[in-house]
Amino acid sequence: MVEMSSFGCYGAELAADEGRNAAALAACRTLAEELTELQFPAPRILAFKEGSSESRYFVSRLIPAHKDPPYKQEANFHSSKHLTTEQWTKLKSSFVHFDDPSFCEWIRNLKVVPPEKRRSCRRWDLNIDLLGVIEVDDMAGVEQRQNKSGGGKYFFCSGGKKKEVKKETGLGLSFTKDENFGEWYSEVVVNGEMIEYYDISGCYILRPWAISIWEIMQTFFDAEIKKMKVKNCYFPLFVSPGVLQKEKDHIEGFAPEVAWVTKSGESELEVPIAIRPTSETVMYPYYSKWIRGHRDLPLKLNQWCNVVRWEFSNPTPFIRSREFLWQEGHTAFATKEEADTEVLQILELYRCIYEEFLAIPVTKGRKSELETFAGGLYTTSVEAFIPNTGRGIQGATSHCLGQNFAKMFEINFENEKGEKGMVWQNSWAYSTRTIGVMVMVHGDDKGLVLPPKVAALQLIVIPVPYKDADTQGIFDACVATVATLSDAGIRAEADLRDNYSPGWKYSNWEMKGVPLRIEIGPRDLANNQVRAVRRDNGAKTDISRVFLVEQVKGMLDKIQQNLFDVAKQKRDACVEVLKTWEEFVTALGQKKLILAPWCDEEDVEKDVKARTKGDMGAAKSLCTPFEQPELPEGTKCFASGKPAKKWTYWGRSY
Ligand code: 87F
């Protein structure tokens, strides 16, 4: 049989009636063809090798999309908006399941190009697309169709349909941010080496380039909360069902997202155990045990950990993944005042992470009743906005839980006077979502754009030796430049690889978003200078090596500031202040971030959601900003016509 170990594990899931793996593979390929032709989320497959990341990427991208019914695909993939009715009809009619035997038909017609033949031809000359590469030990299965036998690498091709050919180097993006934001994002996070797709939908490998950003934010935040006397701890990943369900309000709406372990090896667990989606119910039984008297308060704990939420809507790296990293802070106080104060202190740290580290403007505010964490008293958040999609995104939350959990978990204490009381609690978190927001806001058609404050590498030095140049002298200058900058605390490295051209290196580091590039060529060497090129705006400056450190520091600060300014300008340009329902509907259609006067009634928000329901998702309140514009007497709610109580941000959101 044809061995296709890269698909072996998907085989079961994708199996068709005949020739399980072959059919599954064929199904994948047919679908890839159809979907990519219609600009669907499947990447354009040139080739994938056994067990390669490409094959995993392909399957992990394709499976979730393919299993969605057409209306859902339509909603989830922006590109589908551009399809004509005809294309839609074609797509819908071609929407067949993997277990449809019609796929088997296709593999029979598939052109199998054996290794010898392929070596002698140039793929693009033949105008064929290479759909896959499989290693085979025994060609019995293929023999029937090709009358050919033998092992080796076989190439599956489909004819015709010429698409744009990407350079063999793998550099460059095939989608632009404006034309196809969703595909652009997926490509940027992979090509920028932030993530790798994984074969479990909604789970992603976070590569060092992403983790280094996370660590920089973590170092800042961890030091700040320690100043506030918060201590780190670690609670187990697993939750027993009884404890998880103790706070009913809290878990009710979330229950479908809780993942459970039901087996060990082949035997069923007597009692299944949940994987933490958040740790209130994990931690609070112990708060009850540890808090006895007022001297045990405040209790301020934080943990850096992963959580699992089995989401069903369109997964997106960093933004909506089934497992993510976060910090969760859980604090308990004797008084509400202390809790209130802390909610805002933490919110300010979140603003700082977004605005000062990630260079992303955010709005601080309070969530509506409908959006408040069930089981809590009130929720505050920092809200960001993605201009390209016209969607708001909750950046981080800081909740005052009031005494609800204290009641459930009996977290009581005795005050100085010997009176019994219940604690006041807060919980707060930010997650790896921050990184996704950063990519979406700053990235461009060349790839990632990292703000200097969070970039693992702030500066890359690239030697540019010409034919007869003093190559050694140039390399030495690069090494010396890195040493000088590193000594001054700048995160710098030289790219001295000799198997890549300077041009290739430029593109590579642009893709990875390094804020500043320094080029050193013969002319620079002669003039004791370097050439600096900014990633954010491409500006080039010659810098004397005498003033290197000051100049570079100045430039990095400017880049950081400019990224924030540009992002703020773009966001502000999307804000629409309006007062009527008609204006609201129009603005929503124009992907605006809406600021409108609202009566602040839960039923009215529900009504807004119901009235705006559609393929793109309903509109909802994002937050009521703490900074309120003046609300003139007699102003009416945009949605209900009742007297307005406050200005609130509205929009579609992630
Ligand atoms: C999903 C499944 C189960 C969100 C969930 O925001 C439970 C939950 O409780 C859940 N998704 N939430 C709300 C989390 C609230 C809160 N927890 C601590 C935070 C900050 C940190």
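This report describes salt bridges and one enclosed strand in a predicted model.

**Salt bridges**

The structure holds 29 salt bridges. Side chains of opposite charge can pair when their charged atoms come close. Three of the pairs are set out below.

| Acidic residue | Basic residue | N to O distance |
|---|---|---|
| Aspartate 222 | Lysine 226 | 2.6 Å |
| Glutamate 510 | Arginine 517 | 3.0 Å |
| Glutamate 576 | Lysine 592 | 3.9 Å |

Aspartate 222 and lysine 226 both belong to helix H10, which spans residues 208-227. Because the two residues are 4 positions apart in H10, about one helical turn separates them. Aspartate 222 has a relative accessible area of 14% and is buried, whereas lysine 226, at 46%, is partly exposed.

In the salt bridge between glutamate 510 and arginine 517, both partners are buried.

The salt bridge of glutamate 576 with lysine 592 has an N to O distance of 3.9 Å. Glutamate 576 is located in strand S23 (residues 575-577), while lysine 592 occupies the loop between helix H21 (581-589) and strand S24 (593-598); the pair therefore ties together parts that are 16 residues apart in sequence. Here the acidic partner, glutamate 576, is partly exposed at 28% relative accessible area, and the basic partner, lysine 592, is buried at 18%.

Salt bridges also link residues into a network, whose members are Glu348, Arg351, Glu355, Glu356 and Lys364.

**Strand S17 and its partners**

Strand S17 covers residues 424-431, and 8 of its 8 residues are buried, so the strand is largely enclosed by the rest of the structure. In a regular strand the side chains alternate between the two faces of the sheet. In S17, Trp424, Asn426, Trp428 and Tyr430 point one way, and Gln425, Ser427, Ala429 and Ser431 point the other way. The residues of both sets are buried.

Two strands that pair with S17 are S11 and S14. Strand S11 (residues 323-333) is antiparallel to S17, with 8 bridges between them. Strand S14 (residues 391-402) likewise pairs with S17 in the antiparallel sense, over 5 bridges. Asparagine 426 of S17 provides a point of reference for both pairings: threonine 331 stands opposite this residue, and cysteine 400 also stands opposite this residue. Asparagine 426 is itself among the buried residues of S17, on the face that includes Trp424, Trp428 and Tyr430.

Methods:
Residues numbered from 1 in each chain as written. Predicted model: local features only at pLDDT ≥ 70, side-chain atom pairs only at ≥ 80, totals over all residues. Heavy atoms only, no water. Salt bridge = Lys/Arg side-chain N within 4 Å of Asp/Glu carboxyl O. Buried < 20%, exposed > 50% of the residue type's maximum accessible area, 1.4 Å probe, protein only. Pairing = 2+ DSSP bridges.
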